[in-house]
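Please consider the predicted model shown below. The account that follows begins with one helix and then turns to individual backbone features.

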Amino acid sequence: MSLPGPIDPPARLLMGPGPITADPRVLRAMSAQLVGQYDPYMTDTMNEVMDLYRGVFATANAQTLLVDSTSRGAIEAALVSLVSPGDRVLVPVMGRFGHLLVEIAERCGADVHTVDAPWGEVVPLERIAEAMERVRPSLLATVHGDTSTTMMQPFDGLRELCDRYECLLYADVTATLGGNPFPTDAWGVDAATAGLQKCLGGPSGSAPATFSPRAVELIEGRRSIEAGIRVDGDPVAAHPIRSNYFDLAMIFDYWSPRRLNHHTEAATMLYGARECARIILEAGLPAYQERHSLHGAAMVAGVEGLGLEVYGDRAHKMANVVGVVIPSGIDGEAVRGVLLRDFGIEIGTSFGPLAGRVWRIGTMGYNARKDAVLGTLAALEAVLRRLGHAVPAGGGVEAAYDVYGAAA
Ligand SMILES: Cc1ncc(COP(=O)(O)O)c(C=O)c1O
């Protein structure tokens, strides 16, 4: 076997729905040397990360920490820790990631009900209210921004509904946190989980998460300390949380002053997650979100300036991703291929019913930047023209420039 060379990836501008190009500051933080698991530097850094992410989630929740996994792992940690087999869970489904919540909740043994909206729309509050009355769930599990469709579910009224039915409220904010308002406490969200690879500007592999006192009480009621680290007085539950790795009660203990050993903290991801939060809070959360609104709006204008149609209900679109209807007669994969090969720019396709019908272009994290927006629009125009689709000359870049001009 010949030895492969060292890692040396080609230059890419990742303008898809995530992962996006990581902020170089995050990569630099991730190249720092390791310290031991209980080194004071390590435990201080864990505490700092908890505090920084309280800022990013706009929460006072004591239990704000990282789950060492991709975003999907944190969803699984939240659901397996909050849901006991047989519990009723209601999921509003408006795209692929709503289906993912259903799938995970079912694997947790929950009795799962859905309230569905067509892809490209959000689920109206009245329909969620009807379903809550019918199902009486103990958990309302939502996706805030469903990246598959670019739609963002409004949270107005959800806390009131959950209070009425004594139900916890969970949100998957993987695609939205940082780039769109998500005030966890003001919206009364009990559990929210994210990932670094979208608006937070880092790589995939660490999942910031936050849990309200109400959620923590439920999870701690299920606490069961594993043999080998258990001491007298530690609880052993008859029906422990069904996953060991994603047992949030044990993860809370690991992040608490007790530092009860669970997994080995992924120090490199911790450094990266810390830098992501520092970048956001240094800019100020409102300013950071405003940056996503501006560059997102410029990209939308540019797409329309090229004569292309924006996918889905515009009133409920996330700031950081735009769905673009692939013009008939154009091979969407061929366009993506030439963009990548000749310009080093990646845009996304979509899933399920939207595969081959919609491209998704992201403007988030490190790539929520004017040069990234203008460069992508110029390249997209060139590729469309090259593949035989007539587009207004300079239409994309000009329209984006107008957005920037108006904002200046
Ligand atoms: C809304 C949403 N939830 C969950 C996930 C899963 O994230 P990961 O691939 O990091 O596990 C994604 C990934 O794109 C997402 O967009």
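Within helix α12, the buried residues are Ala372, Val373, Thr376, Leu377, Ala379, Leu380, Glu381, Val383 and Leu384. The elements that cover these buried residues include the strands β1, β13 (345-346) and β14 (358-362), together with the helices α10 (285-305), α11 (332-343) and α13 (395-407). The helix itself comprises 17 residues (370-386), which at 1.5 Å a residue should span 24 Å; its end C-alpha atoms are 24 Å apart, so the expected and computed values agree. Just after α12, Gly388 adopts a positive phi of about 90°.

Strand β1, one of the elements covering the buried residues of α12, also marks the start of a loop with a feature of its own. This loop runs between β1 (13-14) and α1 (24-30) and contains Pro19. The peptide bond that joins Gly18 to Pro19 is cis, with omega near 10°.

Two further loops hold residues that have a positive phi without being glycine. Thr150 is such a residue, with phi of about 75°, and it lies in the loop between β6 (145-146) and β7 (151-152). Glu166 is another, its phi being near 50°; its place is in the loop between α6 (158-164) and β8 (168-172).

Are these two residues buried or exposed? Thr150 has 32 other C-beta atoms within 10 Å and is therefore buried, the criterion being 20 or more. Glu166 has 10 other C-beta atoms within 10 Å and is therefore exposed, since the limit for that class is 12 or fewer.

Conventions
Residues are numbered from 1 along each chain as its sequence is written. This is a predicted model: local features need pLDDT of at least 70, side-chain atom pairs count only at pLDDT 80 or more; totals for chains, interfaces and linings use all residues. Helices (H or I, at least four residues) and strands (E, at least two) are DSSP runs, numbered from the N terminus. The expected span of a helix is 1.5 Å times one less than its number of residues. Two residues are in contact if their C-beta atoms, placed from the backbone, lie within 7 Å.
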